[in-house]
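The exercises that follow ask you to read a structure step by step, beginning with how its parts meet and going on to the ligand and the salt bridges. Try each task with the structure in view before you turn to its solution.

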Amino acid sequence: MAEVYFCQMNLTERDKKFIWHPFTQQKNMLPSIAIKNAKGSLLFDEDGNKYIDAISSWWVNIHGHAHEYIAQKIYEQALQLEHIIFAGFTHKPAVELAEKLIKILPGNFSKIFYSDDGSTSTEVAIKMAIQYWWNQEQSTVNSQQSIVRRIKIIAFNNAYHGDTFGSMSVSDRSVFTLAFHSLLFEVIFIDTPTEENIADTKLLISAHENDIAAFIYEPLVQGAGGMKMYDAGLMDELLQYIKQQNIICIADEVMTGFGRTGKMFASEYMQTQPDIICLSKGLTGGTMALGVTACTEKIYNAFLNDDAHKTFFHGHSFTANPIACSAAVASLELFESEKSLQKIQWITEQNIAFAKQLRQLNGIKNVRVLGTILAFEIMQGDDVYLNNISAAITKKALDKSVYLRPLGNTVYIMPPYCITEYELQKIYAVIMELI
Ligand SMILES: *Cc1c(COP(=O)(O)O)cnc(C)c1O
């Protein structure tokens, strides 16, 4: 009976029956578009419409959708070994990926800890940093010179580090977190650095000097916070100051990693490098969920002990999943064979030229570019996520075959690196038409 009933419905209707979508008010929700397949920068829906994916499918895709090389590697790995418990066992894809990452990560990273996605990668980073100080304190409990553990964390206002409780705690208190504020742990929030505020920020940090365990930040671009960009020189100055206080620096490169900002990692724009770095989204070329938290020898050594209590008791069922790791290895190989960094450079130049054009226009403000990311605000309503101009723009752009998903009144593009000149120009043209 049920089967007959479902056959009469299209996918969108069947979706509505049993599925609850993320970040979506289900009441009066617009019908979800059923995507049948995708190739390169193009998405094809069940009704035969095609759209240019201007935002890389929630910022994850980098080499294009349904890439044959990555697909092949996933297939081969799935036939070979699809999953193995990662405590007491290891496998080639995890080892190869760790070797490749250590080679390209900025700074002195020496260990790779795997998890499932961006939120778990930051959650792991926060727990590592907190336990780092706890382990230090344990070491000195019975000795003369005692280290008091530090438990406070600094984060930026307007930050986004994920949706689990720890990552929510270090994120901006916003509409995303409103229902949970009383349950989130306390964090010292500072503004992203400007000439005007950097001296005061340093004063604030020094007032808490011996309490601060870690500082977590999205280097140079605050993604979900509205693609807000800030200065690399000032960030370097701030990082240097913070590191001098022995505070563990955690770079959340979940969005900025793998070429997004014009360099392989946004941290490369600074001299001062983090102690911990979080990766996900583009890690597997956007094909499989996988998180990485890389740390320096200093952090790792604080856990290396005969005392079992100092173990890092964290892990997920799918930690270092072999298929996901294979996809990530394949994606890194593509950076070389497809000369991705050159394509990124080309997109950056196109973005800079288009930004010049945009700055001539009225009705928009704060036009900015960093690498493949271009963003600006539409001056209509408030600068908030719930500004409903977003849905209107998405709808209008879809009608013109481009997929955009503004963050409130912040319109941005972040295309896959395989985007063609025609496709990129088409996105620019649709944006011009819309504003
Ligand atoms: C998307 C994002 C996260 C969360 O990643 P998920 O995979 O969605 O859990 C964390 N930090 C940053 C900077 C992000 O952009």
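**Exercise 1.** Work out how many residues of domain 1 are in contact with how many residues of domain 2, and what area is buried between the two domains.

*Solution.* Begin with the contacts: in this predicted model, 27 residues of domain 1 touch 26 residues of domain 2, where contact means heavy atoms within 4.5 Å. Next, place the two partners along the chain, for the domain assignment gives domain 1 as 33–63 + 339–434 and domain 2 as 71–336. The C-alpha centres of domain 1 and domain 2 lie 28 Å apart. Then turn to the surface, bearing in mind that the size of an interface is often given as the accessible area lost when the parts come together. Between domain 1 and domain 2 the buried area is about 2300 Å², and carbon and sulfur atoms give 67% of it. Within domain 1, the residues that lose the most area to domain 2 are Trp 59, His 63 and Leu 370, which together account for 27% of what that side buries.

**Exercise 2.** Find how many salt bridges and how many residue pairs in polar contact lie between domain 1 and domain 2, and describe the side that domain 1 contributes.

*Solution.* The count of salt bridges between domain 1 and domain 2 is zero, whereas 13 residue pairs are in polar contact, with both residues at pLDDT 80 or more. On the side of domain 1 that touches domain 2, at least two residues each are supplied by several elements, including helix H12 (340–359) and strand E13 (364–370). Sorting the residues of this side by type gives 17 nonpolar, seven polar and three charged.

**Exercise 3.** Which residues surround the ligand?

*Solution.* The surrounding residues include Trp 59, Ser 119, Tyr 160, Asp 252 and Lys 281. Now examine the polar side-chain atoms: one of Ser 119 lies 2.6 Å from an oxygen atom of the ligand, and one of Lys 281 likewise lies 2.6 Å from an oxygen atom of the ligand. For Asp 252, a polar side-chain atom lies 2.7 Å from a nitrogen atom of the ligand.

**Exercise 4.** Why does the salt bridge between Lys 39 and Glu 68 tie together parts that are apart in sequence?

*Solution.* The structure holds ten salt bridges, and one of them joins the side chains of Lys 39 and Glu 68 at 3.9 Å, N to O. Lys 39 belongs to strand E1 (residues 35–39) and Glu 68 to helix H4 (residues 68–80), so the pair ties together parts that are 29 residues apart in sequence.

Technical notes. Residues numbered from 1 in each chain as written. Predicted model: local features only at pLDDT ≥ 70, side-chain atom pairs only at ≥ 80, totals over all residues. Heavy atoms only, no water. Domains from an automatic or database assignment. Buried area = accessible area lost by both parts, 1.4 Å probe. Salt bridge = Lys/Arg side-chain N within 4 Å of Asp/Glu carboxyl O. Polar contact = N/O pair within 3.5 Å; in protein donor to acceptor, adjacent residues only side chain to side chain. Helix = DSSP H or I, 4+ residues; strand = E, 2+ residues; numbered from the N terminus. Nonpolar A, V, L, I, M, F, W, Y, C, P; charged D, E, K, R; others polar. Near = heavy atom within 4 Å.
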